[in-house]
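Got your viewer open? Load the model, and let's take a short walk through it.

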Amino acid sequence: MHHLLSVCFTWVQSHIYLGTFVFMAMESSILPVPSELVIPPAAYLTSSGGGGIAGIILVGTLGSWFGSAIMYWLSRGLGRVFILGFGKYCMITDEKLERAEHWLHRYEAGGIFFARLLPVIRHLISIPAGIIRMNFSIFSIMTVAGSAVWCTVLAIYGRAVLGTYAAQHPDWSQDPSGVLGFIRAQSHWLVGGVLLLCVLYFLFLKLTARRAESIGNR
């Protein structure tokens, strides 16, 4: 795992846009690549070099969609048993997949969007979407929308926070584990914002479901 983090970090620094695309595609599959180690450093490097973060957000979003689309079609074609059999080598368990399946059955298209903002489910949601043969156009739209939000938040956050970390640690570019730990330690407001969005969404579902039920009983 440490070797994977080092390779990811080095690639993102050496090939900012290509590295961002490749590793965000991997992050959206079943491979354990943390997006916090891809988007924030790339956004910081481009902004510190005089560029903007729009390109990183776009490339990261496309990479996320690409990786998700691959997992969708693999799951749709090969089925749950094969995915679980192969996924055990990438820390995909039956329990994790069941949670993702339950999430998708309950929240459908909206669940795809919010899954892109949540840990664990973000990596797995493409699998049940493919298994139940969800409409690919809807799946793609929700994946792109959710991924764009997540990449935007990470890019803005990384540009601001990594500047502070880099000033305190001149060798930050050689320490992927330290950067990842720092980003996650400082990300409480990110988690809080995502949870707030989820709570509002679930509240909306409950209120609309009750209204629909009352109308149906008239």
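Here come three stops, with something to select at each.

Before you click, note that this is a predicted model, where local features need pLDDT of at least 70, side-chain atom pairs count only at pLDDT 80 or more, and totals for chains, interfaces and linings use all residues. Residues are numbered from 1 along each chain as its sequence is written, and side-chain values use heavy atoms, leaving out hydrogens and water.

**Stop one: helix 3**

Select residues 39–48, which form helix 3 (helices are DSSP runs of H or I, at least four residues, numbered from the N terminus). Helix 3 is largely enclosed by the rest of the structure, because 7 of its 10 residues are buried (under 20% relative accessible area; exposed is over 50%, partly exposed in between, with a 1.4 Å probe and protein chains only). Among the buried ones are I39, Y44 and T46. Just past helix 3, click G50: its phi is positive, about 95°.

Now add helix 9, residues 136–168: it packs against helix 3 at an angle of about 70°, with the axes 7 Å apart (axes are lines fitted to C-alpha atoms, for helices over the stretch in contact, and angles run from 0 to 180 degrees between N-to-C directions).

**Stop two: L118**

Go to the loop between helix 6 (94–115) and helix 7 (121–124) and pick L118. L118 counts as buried, at 12% relative accessibility. Show W150 too: the two C-alpha atoms are 9.3 Å apart, though 32 residues separate them along the chain.

**Stop three: I70**

Finish in helix 4 (residues 54–78), where you'll find I70. With a relative accessible area of 40%, I70 is partly exposed.

Definitions and conventions:
Helix = DSSP H or I, 4+ residues; strand = E, 2+ residues; numbered from the N terminus.
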